[in-house]
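Got the viewer open and a selection box ready? Let's walk through this one stop by stop, picking something to highlight each time.

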Amino acid sequence: MGQRRGEVAREGGRKRLTAKDWADAALSAMGEGGLTAVAIEPLAVRLGTTKGSFYWHFANRESLIEAALDRWEEKSTESIIAGLAAEPDPEMRLRGLFSTASELAAHDPLEVSLPASAGHPRVAAVLRRVTERRVGYLAQLFVELGFPPDEARRRALLAYTGYLGHTQLTHAVPETLPAGEDGRRYLDSVLDTLMTAAPES
């Protein structure tokens with residue numbers, strides 16, 4: 001019986017690579033050297049395979065970039081949001097979101113390097129989707145915390161720009177940020193401020 005496309009198999013003791021393997025390798029290359037680092041031959045060497053494996057899954061380099069960006073969107077946004085779904089308390093979801101996202105972003109250079117490649121149309125498209133998804137989810141949490149929609153959106157934007165700045169410093173000048181337990185208390189204080197209702201005039 002023939003081997004289905006994309007199915008994991010072993011031939012001569014070597015694992016047949018999947019499209020996801022290639023996408024993950026492309027993401028690693030992007031994190032190390034930007035979009036220019038996504039080149040088929042070096043990726044094949046990295047994966048211990050040949051260009052034939054690439055063309056089994058992808059028509060060209062652009063289709064690999066698109067698959068890699070979709071993979072990043074899933075790992076960096078959708079899976080994190082899905083992991084919080086079982087928590088009924090919006091405050092705990094917000095705190096869990098910032099804790100998880102900040103920890104992952106500290107080890108993900110793409111959170112910093114991808115915006116630098118926003119001139120590429122596929123990168124620009126995924127950044128728009130991810131930004132709107134993240135801000136929209138934050139706004140939903142603030143609505144659940146009792147803020148009117150307009151105020152919830154404003155606080156969501158403030159929270160997200162704070163996250164981006166925190167991530168930038170984590171990669172560029174990490175010594176400026178408190179570490180360990182002090183870092184956790186710092187993030188808690190930021191969230192406390194964001195969740196505090198403005199005094200009535």
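Before you select anything, one term: buried means under 20% relative accessible area, exposed means over 50%, and partly exposed is in between, with a 1.4 Å probe and protein chains only. This is a predicted model, where local features need pLDDT of at least 70, side-chain atom pairs count only at pLDDT 80 or more, and totals for chains, interfaces and linings use all residues. Residues are numbered from 1 along each chain as its sequence is written, and side-chain values use heavy atoms, leaving out hydrogens and water.

**Stop 1: the whole chain**

Colour by pLDDT, the predictor's confidence in each residue from 0 to 100. The protein chain averages 89, and 91% of the residues score at least 70. Where is confidence lowest, and where is it highest? Strand β1 (residues 10–11) is at the bottom with a mean of 40, while α7 is at the top with 96. Residues 1–13 have a pLDDT below 50, yet this stretch has 18 contacts in the model beyond near neighbours in sequence; contact here means heavy atoms within 4.5 Å. Where pLDDT is low, the predicted coordinates should not be read in detail.

Now switch to cartoon. You should find nine helices and two strands, in the order β-β-α-α-α-α-α-α-α-α-α from the N terminus. These are DSSP runs numbered from the N terminus: helices are H or I with at least four residues, strands are E with at least two. Along the principal axes, the C-alpha atoms fill a box of roughly 70 × 40 × 35 Å. Of the 201 residues, 38% are buried. Among contacts between residues at least 6 apart in sequence, 66% join residues at least 24 apart.

**Stop 2: helix α1**

Select 19–33, which is α1. The expected span of a helix is 1.5 Å times one less than its number of residues. For the 15 residues of α1 that gives 21 Å, and the end C-alpha atoms are 21 Å apart, which agrees. Show side chains for its buried residues: D21, W22, A23, A25, A26, L27, A29 and M30. Just past the end of α1, check G34, with its positive phi of about 75 degrees.

**Stop 3: W22 and the core**

Stay on W22 and pull up its contacts. Leaving aside neighbours within four places in sequence, they include L17, I40, L43, H57, F58 and L64.

Next, the nonpolar cores: a core is a set of buried Ala, Val, Leu, Ile, Met, Phe, Trp, Tyr and Cys residues joined through side-chain atoms within 4.5 Å. The largest has 26 residues, and those touching the most other members are W22, M30, L43, L64, W72 and L114. Two or more residues each come from α1, α2 (40–47), α4 (61–83) and α7. The largest share, seven residues, belongs to α1. A second, separate core of 23 residues includes F98, V135, L138 and M195.

**Stop 4: S53 and the rings**

Select S53, in helix α3 (residues 51–57). Buried or exposed? S53 is buried, at 13% relative accessible area. Beyond four places in sequence, S53 touches L17 and W22.

Now display the aromatics. Rings of Phe, Tyr and Trp (its six-membered ring) pair if their centres lie within 6.5 Å; planes under 30 degrees apart are stacked, over 60 edge-to-face, and the rest tilted. There are five such pairs in the structure. Take F54 and Y55: the ring centres are 4.9 Å apart with planes at 85 degrees, so this pair is edge-to-face. F54 is buried at 0% relative accessibility, whereas Y55 is partly exposed at 47%. Ring pairs also link W22, F54, Y55 and F58 into a cluster.

**Stop 5: helix α8**

Jump to residues 149–172, helix α8, whose 24 residues should span 34 Å at 1.5 Å a residue; the end C-alpha atoms are 34 Å apart, which agrees. Highlight its buried residues A152, R155, A156, A159, Y160, Y163, H166 and T167. An α-helix has 3.6 residues a turn, so residues three or four places apart point the same way. What do the buried residues of α8 pack against? Add α5 (90–106), α6 (110–113), α7 (121–144) and α9 (180–195) to the view, and you have the partners.

**Last stop: I81**

Finish in helix α4 with I81, buried at 10% relative accessible area. Leaving aside neighbours within four places in sequence, I81 contacts R133 and Y137.
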